[in-house]
Amino acid sequence: MVGAAALAVAGSGCAASEREPEGGGSGGGEGGGTFVFAASSDPVMLDPAFGSDGETFRVARQIFEGLVGTVPGTADPAPLLATEWTTSEDGLSHTFTLQEGVSFHDDTPFDAEAVCANFDRWYAWEGVNQSPNLSYYYGNLFRGFASSDDPALEGGIYGGCTADEELQATVTLTQPFAGFIPSLSLPAFSMQSPTALEEFDADGTEGSEDDPRFSAYATENPTGTGPFRFESWERGQQVTLTRNDDYWGEAASVDEVIIRTIPDGNARLQALQSGDIDGYDLVSPGDVEGLEAEGFTIADRAPFNILYLGFNQAVPELQDVRVRQAIAHAIDRDALISQSLPEGTTPATQFMPDLVVGYNDQVTQYPYDPDRARALLAEAGVPDLSVTFNYPTGVSRPYMPTPEDTFLALQSQLQAVGITVNPQQDAWTDYLDRINGTPDHGIHLLGWTGDYNDPDNFVGTFFGTAGPEWGFDNPELFSALTQARGLPTPEEQEPAYAAVNEQIAQFVPGVPLASPVPSLAFSPRVEGYEPSPVQDEVWNTITLAEE
Amino acid sequence: MIRFIARRLLLVVPVLAGLVVLLFLWVRALPGDPARALLGQRATPAGIEAVNELYGFDEPLLVQFGIYVRQVLTGDLGSSGYTGEPVVASFVSRFPATVELTLAALVFAVGLGIPLGYLAARRAGSWLDGLTVGGSLLGVVVPVFFLAYLLKLVFAQWLGWLPTDGRQDVRIDATHVTDFYVLDGLLTREWDAALDALVHLVLPGLALGTIPLAIVVRITRASVLEVLGEDFVRTAESKGLAASVVRRRHVLRNALLPVVTTIGLQTGLLLSGAVLTESVFAINGIGSYLFTAISQLDYAVLQGYILFIALVYALVNLTVDVLYGVIDPRVRVS
């Protein structure tokens with residue numbers, strides 16, 4: 001978005017050290033420079049195939065690339081290491097034509113053999129590597145491995161990979177998977193150098209069974225094709241990357257990238273204000289206005305998330321659809337957004353943002369109508385409904401920056417229609433424990449940020465099976481979701497998920513509230529940062545203006 | 001003396017052994033499911049089961065305890081459930097940051113605290129005394145994080161004199177030998193790197209050192225006042241000893257005993273990691289890491305770190321006891 005770039009930062013200038021690095025290197029002068037970004041935590045490790053968290057992926061996106069990328073500003077698949085692909089009629093066979101003249105940072109050529117080596121590597125994982133805290137994405141999306149101690153993970157949907165020509169590879173699946181192409185934009189499916197994987201024993205997750213430790217590849221030698229090369233990682237402090245001068249695409253302008261770990265949100269803000277860093281993610285909504293006034297640039301991502309109010313139907317009163325509709329009518333989304341969510345947040349009508357396949361423009365809505373809410377409650381025989389309201393404290397998620405404020409806003413809206421709200425707070429992990437693991441909750445705040453353009457990643461995750469979060473058993477909905485998931489292409493999924501969204505709207509399992517806008521903040525010297533709804537942000541687009 | 005130290009060291013062993021048992025139980029009594037903490041919002045029933053099996057969280061407690069004891073005995077201590085980083089290695093790499101920070105805070109607290117406390121006592125009832133006593137009261141009650149943000153706001157943001165956070169400017173390409181950054185700079189003769197690391201210690205040192213400073217001031221003042229009223233001081237004075245000799249040899253030396261005890265206790269506390277200071281200043285010491293480990297229910301890290309901290313605490317206390325003998329011949333141990 002816009003930022004008053006005219007004003008320079010006042011009173012910056014960290015006193016310490018403008019010293020030129022020793023040992024040759026950075027030329028300085030035209031373009032170049034060091035881009036310093038603050039992350040909220042360390043990466044877990046550097047091999048994205050074992051990653052599932054944002055900070056691991058943020059680093060990986062600079063070093064690695066997948067076959068498929070995203071169209072800037074959307075979640076839709078776009079060519080990257082594959083220039084084009086075709087899918088067979090039955091949706092099982094996918095043929096990729098590969099970008100020419102690409103090599104990994106260790107000079108291993110990127111070709112069809114390398115593609116197959118990566119697919120085969122994931123499939124061949126054994127033992128500890130199959131654990132969901134390591135291979136979350138592969139295990140979840142390909143649903144199994146070549147062999148496994150766990151019968152449920154035996155096989156999966158991967159059928160094999162063949163190198164047809166030097167620059168053409170075909171990946172076969174045993175079941176159709178409409179999300180296959182878009183899912184390949186996840187850093188977890190990045191192409192990694194087969195030579196380096198082998199040399200540094202990437203899959204040798206060491207340690208005993210109870211005590212996995214990552215390999216030398218995953219901690220010291222990540223090797224991809226991306227615009228930056230890995231330089232060093234000082235745990236708890238910073239990851240340093242340098243420009244890949246042999247990059248096949250548009251080479252980066254900055255010489256070096258440093259991703260510092262600054263866990264405290266206020267500390268990130270202060271570091272930016274005093275010029276120690278050039279940018280940070282997950283800007284607290286309350287800081288946006290002040291930063292803009294001081295001349296910093298705020299970049300908004302198109303929201304790819306959803307915040308909702310969930311109903312637990314293990315609570316007898318909430319089994320009555322009229323009660324659920326009444327709560328939906330009691331909520332004034334616009335007021336909620338202005339009171340507790342960042343500017344630019346869009347109100348939600350269904351359990352997915354509008355960028356996702358299957359979003360339904362015509363879905364049934366329950367507009368703000370307190371009189372209707374009261375009437376429905378009276379009709380259901382509970383005009384003085386009393387309900388437990390669960391929310392987490394001390395946590396900030398992209399879809400829920402300040403749960404306490406959101407709770408307060410909703411509480412007053414519910415009270416306005418005569419509902420008694422009994423608040424119950426928990427710290428984040430305990431909260432997840434309670435909501436997802438026990439029936440002991442009433443109505444609750446929760447949400448989700450999507451990983452790639454897949455409707456199943458939203459509504460399938462929420463309503464795919466009976467679970468303690470929602471406490472209902474709705475076989476019709478479950479089977480509709482199973483069917484939609486099995487359709488071979490996004491084109492076929494579109495109407496199926498639109499229908500599912502309507503089905504959910506009729507059932508009112510909860511109230512979709514909003515898709516809050518996540519923001520990044522940058523020093524005015526940073527230009528060309530391209531925010532992406534799925535955080536597919538690669539820093540070769542950045543230039544640093546002269547200070 | 002050596003026998004005394006050896007005996008005290010031996011005493012640490014049963015303490016640590018007891019702590020191993022307590023820690024094991026305490027960590028498992030923390031609310032929450034470690035597998036869910038590990039998987040976060042992506043937890044599915046099958047995933048939780050798989051993780052429990054992998055990390056042995058589903059084994060009987062006795063079996064888990066057996067594994068843990070074997071790890072402790074082999075000096076292994078396991079690795080973080082999150083990052084797979086071995087606990088021992090992670091402690092070794094993070095402890096220097098905490099030690100540097102502790103030393104900075106101590107230099108500030110002791111260097112300023114003892115003279116201030118002494119002067120305040122010598123001029124009891126003066127404006128200086130009033131200011132010192134009042135100031136030290138303020139120092140104890142002001143929340144550390146508030147002070148930390150305030151210091152950053154004034155000295156880093158408004159005045160721009162000092163860096164906001166971190167241990168060293170990231171653009172400096174310093175060589176690290178010991179992971180004590182100031183020391184590394186001196187050893188490798190990268191003077192500007194050493195200076196930069198030192199400058200980075202100023203604000204966190206002030207923030208962390210304020211409470212110890214206030215305590216040292218108050219203890220010193222009270223102790224000096226007490227000694228000043230003692231008979232031997234009057235005797236010394238009436239013998240005609242020079243006032244400066246009386247002050248140095250009789251007053252200060254005797255008054256310092258309780259101060260040393262206090263400093264020892266404070267050092268132990270500071271070394272166990274200053275969670276708030278470390279997070280506000282983005283210093284990756286053991287405090288901030290331990291804090292994360294608690295929220296993540298990272299059992300191995302919690303068990304290992306607290307054990308290490310207990311060991312450090314015991315060693316600091318031993319050092320204090322030995323120092324005692326140096327200052328006061330009466331308690332010199334045989």
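**Figure 1. Helix H2 of chain A lies across strands S5, S6 and S7 of the same chain.** This helix covers residues 112-124 and runs at about 165 degrees to S6(A). The model shown here and in the other views is predicted.

**Figure 2. Four strands of chain A form an open antiparallel sheet.** The strand order is S4-S5-S7-S6. Strand S4 (82-87) and strand S6 (158-165) stand at the edges. Each of these two has a single partner strand, so one side of each lacks a neighbour in the sheet. Neighbouring strands are turned by 20 degrees against each other on average, direction ignored.

**Figure 3. Strands S5 and S7 of chain A pair in the antiparallel sense.** S5 holds residues 93-98 and S7 holds residues 168-173. The pairing runs over 5 bridges. For His94(A), the bridge partner in S7(A) is Val171(A).

**Figure 4. Gly249(A) sits in a loop between two strands of chain A.** The strands on either side are S9 (238-243) and S10 (256-261). Gly249(A) has 16 other C-beta atoms within 10 Å. A residue counts as buried with 20 or more such atoms and as exposed with 12 or fewer, so Gly249(A) is partly exposed. Val102(A) is 147 residues away from Gly249(A) along the chain, yet 8.9 Å separates their C-alpha atoms.

**Figure 5. Chain B has 14 helices and 0 strands.** Along the sequence its pattern reads α-α-α-α-α-α-α-α-α-α-α-α-α-α. The C-alpha trace spans about 85 × 55 × 40 Å along its principal axes. Chain B has 334 residues, and 43% of them count as buried. Among contacts in chain B with a separation of 6 or more, 71% link residues 24 or more positions apart.

**Figure 6. Transmembrane regions in chain B, as annotated in UniProt.** The unreviewed entry places this feature at residues 101-121, 133-155, 197-217, 255-276 and 305-327. Two of these spans are shown close up. Residues 101-121 are 100% helix and 0% strand, and their end C-alpha atoms lie 29 Å apart. Residues 305-327 are also 100% helix and 0% strand. Here the end C-alpha atoms lie 33 Å apart.

**Figure 7. Domain 1 of chain B touches domain 2 of chain B.** The domain assignment gives domain 1 as residues 2-73 and domain 2 as residues 96-328. Their C-alpha centres lie 32 Å apart. In the contact, 15 residues of domain 1 meet 12 residues of domain 2. On the domain 1 side, helix H1 (2-29) and H2 of chain B each give two or more residues. H1(B) gives the most, with 10 residues. By class, the domain 1 side divides into 13 nonpolar, 1 polar and 1 charged.

**Figure 8. Chain B meets chain A.** The contact involves 56 residues of chain B and 53 residues of chain A. Several helices of chain B give two or more residues to this side, among them H2 (34-39), H5 (87-122), H7 (144-158) and H9 (191-228). H12 (275-280) and H13 (286-296) of chain B do so too. The largest share, 6 residues, comes from H3(B), which covers residues 45-55. The chain B side has 26 nonpolar, 18 polar and 12 charged residues.

**Figure 9. Leu77(B) has a positive phi.** Most residues other than glycine have a negative phi. Phi of Leu77(B) is near 65 degrees. Leu77(B) lies in the loop between helix H4 (61-73) and H5 of chain B. Is this loop residue buried or exposed? Leu77(B) has 22 C-beta neighbours inside 10 Å, so it counts as buried.

**Figure 10. Asp179(B) also has a positive phi.** The value is near 75 degrees, again in a residue other than glycine. Asp179(B) lies in the loop between H7 and helix H8 (181-187) of chain B. Its C-beta atom has 17 others within 10 Å, so Asp179(B) is partly exposed.

Technical notes. Residues are numbered from 1 along each chain as its sequence is written. Chains are lettered from A and ligands numbered from 1 in the order in which they are written. This is a predicted model: local features need pLDDT of at least 70, side-chain atom pairs count only at pLDDT 80 or more; totals for chains, interfaces and linings use all residues. UniProt positions are given in the numbering used here, feature names are shortened, and annotations may be inferred rather than shown by experiment. Two residues are in contact if their C-beta atoms, placed from the backbone, lie within 7 Å. Ala, Val, Leu, Ile, Met, Phe, Trp, Tyr, Cys and Pro count as nonpolar, Asp, Glu, Lys and Arg as charged, and the others, Gly among them, as polar. Domain bounds come from an automatic or database domain assignment. Two strands pair if DSSP finds at least two bridges between them. Axes are lines fitted to C-alpha atoms, for helices over the stretch in contact, and angles run from 0 to 180 degrees between N-to-C directions.
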